[in-house]
Number of protein chains: 2
Amino acid sequence: MEPIQTLPLRDRVINALRDAIVNGELVPGQALVGTELANQIGVSQATLRDAIYALSLEGLVETVAYHVSTVKTLSKKDIEDLFSVRSMLESYAIRQIVAAGQAAAAVSELYAICDEMEGAAEQDSLTDLNRIDRMFHDTLIDFSGNQLLAVLWNSVAQRVQQVLSLSNQQQENLRQIVLNHREIAQVIENEDAEAAVGLMNTHISFVADEICGNWHQIALGTNGGQ
Amino acid sequence: MEPIQTLPLRDRVINALRDAIVNGELVPGQALVGTELANQIGVSQATLRDAIYALSLEGLVETVAYHVSTVKTLSKKDIEDLFSVRSMLESYAIRQIVAAGQAAAAVSELYAICDEMEGAAEQDSLTDLNRIDRMFHDTLIDFSGNQLLAVLWNSVAQRVQQVLSLSNQQQENLRQIVLNHREIAQVIENEDAEAAVGLMNTHISFVADEICGNWHQIALGTNGGQ
DNA sequence: CAATTACTGATTGTCGACAATGTGGCGCGG
DNA sequence: CCGCGCCACATTGTCGACAATCAGTAATTG
């Protein structure tokens, strides 16, 4: 059995707010007024303030002393930077996996995830596919064996999820995505790190360009970008 | 003139604790008891706890619910991971600078920093040299133009500074360090990114091996590693 | 005598109230 | 009519007190 862990109230508030942000329920630029949210959620202002402050440290919220906190706005350049950094982290992970001889162990899990992904694709469930997609990349990072990398990745992956949620990604073909991932897993199985990195970067760049191209209208929907 | 900004008390406490940790005044494994520290520093327990929680998000402090927080212990593998990630971030920055044609602008600042570094080396001031060394690498990151990278770097650079403080780095020759940095700046000036990356990685690996080799006795001084 | 349970002391988590700070509007003087 | 300064409101920041939880110890029971 899994241990029943009662997270501190503050942590639960943090998780709730973070989920709301990365799922696009709280849009960039939206004000997070302490007194309102505290009453709405049902916690004290101090507890909520801690949560907001924690999210500001994670970079999801912008706070200025004695001013209302807002969900961080995302400029086009922020998106470019985000996907660029993402490529760097994943490329590093792939190279480490191959160099450490962990390729076989990793792909065995990656293939299993691809199978799950295929199931979601057949049901046209975008939310499930996104969730499993993240599992794929999390697995890649974990098998690098670098825990600090995992910490940095977590921060980046959150923002990626947020961007994906905001851009209603008119994902062309869900099955194509599954194929892309399976392809990457195959190349890793062959221990060809550079080929895998190339595929990964191409894949990420494609998605990034797709989103950046339509970003103005997404950002305009909220507060005008900048 | 610079605007006089009165930081909130909580942020000042955070900065004070963070400085104490990265400068080695608070050693890994040391307990951070709320009531004690609050009285000692002269703030309320709530404010101090916020600060401790913030530092736990930065990864400098380990907290378990309803348990005493401690300064995060650093295993040998943590150090290896740290310097490995550091290499990744800086390599990325160098490649971006050269690719974006920012090499000339960057090296002009880097050379100036090297001059300052030389002054510190002549006075055998290790603390000054460390401070200027960080400026060098911060500049490198900043000129990459990627703000998200700067955020991740900040987190990594803090830990690096902590490790350097803890290992009383019997720095062989301070002037040699200056030469190493100047050499890197020169290669960047030639727009040879890969050569610069090679030099940088060699330099970082050397320092990392040096520290890892003697890490057990450093960690043992506090709580036994692990 | 051993294992379990209940208690005690210490520490962290949560809260409501109060102080500090910033913003917008009103009134006054030019 | 315009500009300046003052005032009240809203929001954030800080605090001390109380509740929840944990580790270690002593008492209890088979």
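In this predicted model, a sugar or linking oxygen of DNA strand C is 3.3 Å from a polar backbone atom of Y66(B). That single approach is a convenient place to begin, and the report moves from the two DNA strands to the protein chains and then to the domains of chain A.

## The two DNA strands

DNA strand C is surrounded by 18 residues, and the closest of them are L9(A), T47(A), H67(A), G34(B) and R49(B). Of the atoms of DNA strand C that come within 4 Å of the protein, sugar and phosphate account for 78%. The helices that each supply at least two residues of the surface near DNA strand C are helix 1 and helix 3 (45–58) of chain A, together with helix 2 (34–41) and helix 3 (45–58) of chain B. Sorted by class, the surface near DNA strand C has nine nonpolar, seven polar and two charged residues.

DNA strand D is likewise surrounded by 18 residues, and here the closest are G34(A), R49(A), L9(B), T47(B) and H67(B). Sugar and phosphate make up 80% of the atoms of DNA strand D that come within 4 Å of the protein. At least two residues of the surface near DNA strand D come from each of helix 2 (34–41) and helix 3 of chain A, and from each of helix 1 (9–22) and helix 3 of chain B. The surface near DNA strand D divides into nine nonpolar, seven polar and two charged residues.

The table gives some individual approaches between protein atoms and the DNA.

| Protein atom | DNA atom | Distance |
|---|---|---|
| T47(A), polar side-chain atom | strand C, phosphate oxygen | 2.9 Å |
| H67(A), polar side-chain atom | strand C, sugar or linking oxygen | 3.4 Å |
| L32(A), polar backbone atom | strand D, phosphate oxygen | 3.5 Å |
| R10(B), backbone N or O atom | strand D, phosphate oxygen | 3.4 Å |
| H67(B), polar side-chain atom | strand D, phosphate oxygen | 2.5 Å |

## Where the two chains meet

The size of an interface is often given as the accessible area lost when the parts come together. For chain A and chain B this buried area is about 2,400 Å², with 63% of it on carbon and sulfur atoms. Y53(A), M88(A) and L148(A) supply 24% of the area that chain A buries against chain B, which is more than any other three residues supply. Counted by residues, 28 of chain A are in contact with 27 of chain B.

Side chains of opposite charge can pair when their charged atoms come close. Between chain A and chain B the count is one salt bridge, and in a salt bridge the side chains of D50(A) and R10(B) meet, at 3.9 Å from N to O. R10(B) has already appeared in the table, where a backbone N or O atom of this residue lies 3.4 Å from a phosphate oxygen of DNA strand D.

Across the interface of chain A and chain B there are also ten residue pairs in polar contact, with both residues of each pair at pLDDT 80 or more. On the side of chain A that touches chain B, helix 1, helix 3, helix 4 (76–99) and helix 7 (147–166) of chain A each supply at least two residues. The largest share of that side, nine residues, comes from helix 4 of chain A. By class, the side of chain A that touches chain B has 15 nonpolar, four polar and nine charged residues.

## The domains within chain A

Chain A is divided into domain 1 (9–71) and domain 2 (76–220), and the C-alpha centres of these two domains of chain A lie 28 Å apart. Ten residues of domain 1 of chain A are in contact with seven residues of domain 2 of chain A, and the two domains bury about 700 Å² between them, 52% of it on carbon and sulfur atoms. Across this interface there are zero salt bridges, although three residue pairs are in polar contact, both residues being at pLDDT 80 or more. Helix 1 (residues 9–22) of chain A gives the largest share, three residues, of the side of domain 1 that touches domain 2. The residues of that side divide into five nonpolar, three polar and two charged.

## A salt bridge within chain A

Over all chains the count comes to 21 salt bridges. One pair in a salt bridge is E118(A) with R182(A), whose closest N and O atoms are 2.6 Å apart. E118(A) lies in helix 5 (residues 103–122) of chain A and R182(A) in helix 8 (residues 174–189) of chain A, so this pair ties together parts that are 64 residues apart in sequence.

Definitions and conventions: Residues are numbered from 1 along each chain as its sequence is written. Chains are lettered from A and ligands numbered from 1 in the order in which they are written. This is a predicted model: local features need pLDDT of at least 70, side-chain atom pairs count only at pLDDT 80 or more; totals for chains, interfaces and linings use all residues. Side-chain values use heavy atoms; hydrogens and water are left out. Domain bounds come from an automatic or database domain assignment. Contact means heavy atoms within 4.5 Å. Buried area is the accessible area (1.4 Å probe) that two parts lose on being put together, summed over both. A salt bridge is a side-chain nitrogen of Lys or Arg within 4 Å of a carboxyl oxygen of Asp or Glu. A polar contact is a pair of N or O atoms within 3.5 Å; within protein, one must be able to donate a hydrogen and the other to accept it, and residues adjacent in sequence count only if both atoms are side-chain atoms. Helices (H or I, at least four residues) and strands (E, at least two) are DSSP runs, numbered from the N terminus. Ala, Val, Leu, Ile, Met, Phe, Trp, Tyr, Cys and Pro count as nonpolar, Asp, Glu, Lys and Arg as charged, and the others, Gly among them, as polar. A residue is near a molecule or strand if one of its heavy atoms lies within 4 Å of it.
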